[in-house]
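Student: I would like to learn how to read a few features of a protein model, taking them one at a time. Could you take me through them slowly?

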Amino acid sequence: MTEQATGATPRPQPRPRGGVHPAAQNEQMTGAKSLIRSLEEVGADTVFGIPGGAILPAYDPMMDSSKVRHVLVRHEQGAGHAATGYAQATGRVGVCMATSGPGATNLVTPIADAHMDSVPLVAITGQVAASAIGTDAFQEADICGISMPVTKHNFLVTDPADIPRTIAEAFHIASTGRPGPVLVDIAKDALQQRTTFSWPPNVDLPGYRPVTKPHSKQIREAARLLGESRRPVLYVGGGVLKAGATAELRILAELTGAPVTTTLMALGAFPDNHPQHLGMPGMHGSVAAVTSLQKADLIVALGARFDDRVTGKLESFAPLAKVVHADIDPAEIGKNRAADVPIVGDAREVLADLIVAAQAELESGHAGEAAQSRYEAWWTQLNRWRDTYPLGYDLPEDGSLSPQQVIQRIGELAPEGTIYAAGVGQHQMWAAHFIEYNSPASWLNSGGLGTMGYAVPAALGAKAGQPDRTVWAIDGDGCFQMTNQELVTAALNNIPIKVAIINNGALGMVRQWQTLFYNQRYSNTVLHSGPGGDAAGSEEPPRGTRIPDFVKLAEAMGCVGIRCESPEQLDSVIEKANSINDRPVVVDFIVHEDAMVWPMVAAGTSNDEVMAARGVRPDFGDGEDD
C-alpha cells in the first residue's frame, strides 16, 4: 500500500478514544455490534446510508447507539457525497454505508470523487456471506475489485474478530498522509457471528509510513530560490487546507511579499480580499493569476498537483520558471511538471520550516534588497493585468437576471460564516469568481472528478457536520435534477440547507462550448424542450410551462419553494431564503441563457492564449500577445 493523495493530514483528526471500560475489553457481541462500537470509538458521530440485505445486521445495533447518528438518504450516491461534504466542512472523516451489489456500486462515483479531491472518507458496505463470494450470488458485486483504482485502500472482512482493527486502520489511513477514501466491505455472516470485542485494537500497518517532516536541505534550497527570484508565485492547492496550514501560508506570503494564486480546491486557503491574492489560476482563472504563472521565474507549489485544468498545454506552461514542489504524496512530485526542488512533507510543516528559512535568508542579506523593492517591477506588471482585466460581467440587455449577479448577491447577503457547496459547470465557476472566500472550509465542490449532482447532498452533509452555519448549495438546473431527491432527506432530518438553482434551461457549460466551438448547434443541451434540444423541428412545451416546476417539486419534498425572475426581486428573495431556518429552502432563479464563463483558456491550448472575454485577448505588454 502506497501513498496516493495530495494534501496533508486533516486537522483535527478523529482518533480512537480508547476509553472503553475495562469490563468491556473482552465483551461478547455480534460482529454487527462490534462494528457500531468501533465507529463510536474512532469518533464517528454521523453515518449517511441506506440499509439492505447484506448490511442489515449492522442497522439493528445502530438503532441503540447514542453516539452515532444515522441519516437515511434516498440514494447511495447521496450518501457518499453527503459524507464528503461533511468531511470537507469539518475536517473529520466522513462515513457512508450501503448494502452489497447495486448499493455498493452506487457509491463508486462519490468514492472516485473523494479520491480525486483527497477527501477523508470511509465507505462501509455489506457483502454476501463469505461462502457465497464468487458464486454470482444475489446482489453480489466485487466492490473491492471495482473500487480499487479509486480508493486509497480497501478491506474485505470475513472474520468478525477483524472488525475493530479494520475500522481503526481504515480511519487512520483515510485521515493521515494524503487523505482519501477507504472502503471496508464486510461479509454478512461476519456481521451475524459472535465475537469478542476489544478496544483499542493493535493497528499494524508496516507498509504505510507517510512522510510529514520535510528535508531541511530542500527547505534551505527553496528559501534560497525565493531569495534570488524576481518573479515568484505561490501556487496553492487543496493540500494547504487539508493540512490546516492557512495561517502559515499567510505568514510566508506576507514575509516574502510574493503573489498568491489559489486553485479551485484551495479557495479560502488565502483570503480573497488580501492584496497579494491574484485569484484562481486555470482554464477559467483570472487573467492575472493565469498570466503570473506563465511569466513567473519561480513557482512554489504547495499541496497542488499541476493538473491539466491549471497548466493548459503542459509543454508551454510557465516556460521560464523554476519549480519548488512540496507535497505529502511523493507520487505527485514530478508527475506532470519536473521539480527543481522536490519537497515531500505535510504542508503545514513545510510552510513552518520555510518561514524560518526564508526569514534567515532575508536577515543574512543574501537575498539582497527588501522583498517589497525586489518585487516592485513584478507587482507593477501584476497590478496592470489585475486592473486592466478584472473579473466582471455584463447585465442582459433584456432586463432578465444575470446568473453572475445572482451568485454575487447571494454571497454579499449571506450570514457571516456561510458555507457554499457548488455543483459542476458554469455556476461552479461563477461561484468561485463572484463569492468572496476569506476563510477555510467555506467552499466545497467537486474539483477533480467534476461530478454533476454533488452540490445538494454535499450541502446536506456540511450542514449535518456544521449545524450552526448557514449552508448554500449553488446548483445548476442540470445538476439539480441528478440528486434533488436528497431534499427529502434534508426535510425529514431537520437539515435546513438553502439551494439556489441557477436555471438557464440548459446544460450551461456544454452549451457554452457548443456556442464557441460547434457553430451554435445545441445538440441535446437544452433541458426544457423536446427531442434534439432546440434544433429545428423539436417540440417546445406550451409557453409558460415549466418541466419540471422546481417550486412545486421543492414543496412536494417538504421544502419552501421560491421563484425569482427579475433583478427587482433578487435581494428580497435572497433575504427571505436567509430568514427561513426551520426547513430547507429552494430558490429557482430564472437567468439569461446566453451568459458565459470568462476568462477562458480553450482545452488543449496554451495559457498564453487566455481570453479575458469573448474576442478579447489580453495585451501583456511584452510584444508577444498583442
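**Reading salt bridges and a cavity**

Tutor: Let us begin with a single side chain, keeping in mind that this is a predicted model: arginine 563 has a relative accessible area of 21%, and because buried means under 20%, arginine 563 counts as partly exposed.

Student: Which side chain does arginine 563 meet in a salt bridge?

Tutor: The general idea is that side chains of opposite charge can pair when their charged atoms come close. In this structure, the side chain of arginine 563 meets that of aspartate 549 in a salt bridge, at 2.8 Å from N to O. This pair links distant parts of the chain, since aspartate 549 lies in the loop between helix 22 and helix 23 (550–556) while arginine 563 belongs to strand 19 (residues 560–564), 14 residues apart.

Student: How many salt bridges are there by this rule, and which residues are joined into one network?

Tutor: The count comes to 21 salt bridges, and Arg178, Asp329, Glu332 and Lys335 are joined into one network by salt bridges that share partners.

Student: Where in the chain do glutamate 412 and arginine 409 lie?

Tutor: Both belong to helix 17 (residues 403–413), and because they are three residues apart there, about one helical turn separates them. Their side chains meet in a salt bridge of 2.5 Å, N to O. Glutamate 412 is partly exposed at 47% relative accessibility, and arginine 409 is partly exposed as well, with a relative accessible area of 22%.

Student: Is arginine 511 buried or exposed?

Tutor: Arginine 511 is buried, with a relative accessible area of 6%, whereas glutamate 593 is partly exposed, at 35%. The side chains of these two residues meet in a salt bridge of 3.7 Å, N to O. Here too the pair links distant parts of the chain, with arginine 511 in helix 22 and glutamate 593 in the segment after strand 20 (585–590), 82 residues apart.

Student: How many cavities of 30 Å³ or more does the structure hold, and which residues line the second largest cavity?

Tutor: There are four cavities of 30 Å³ or more, and the second largest has a volume of about 50 Å³. Its lining includes Arg511 and Glu593, together with Gln426, Gly508 and Met596 among others. Helix 22 (residues 508–517) gives the most to this lining, with four residues, and the lining as a whole divides into two nonpolar, four polar and three charged residues.

Student: How many residues of helix 18 are buried?

Tutor: Helix 18 (residues 426–434) is mostly covered, with nine of its nine residues buried; among them are Gln426, Trp430 and Phe434. Gln426 is also one of the residues lining the second largest cavity.

Methods: Residues numbered from 1 in each chain as written. Predicted model: local features only at pLDDT ≥ 70, side-chain atom pairs only at ≥ 80, totals over all residues. Heavy atoms only, no water. 1 Å grid on protein atoms, 1.4 Å probe; cavity = no way out; pocket = protein on both sides within 12 Å on 5 of 7 lines; lining within 4 Å. Points joined across faces, edges and corners; volume = space filled by probe spheres on them. Helix = DSSP H or I, 4+ residues; strand = E, 2+ residues; numbered from the N terminus. Nonpolar A, V, L, I, M, F, W, Y, C, P; charged D, E, K, R; others polar. Buried < 20%, exposed > 50% of the residue type's maximum accessible area, 1.4 Å probe, protein only. Salt bridge = Lys/Arg side-chain N within 4 Å of Asp/Glu carboxyl O.
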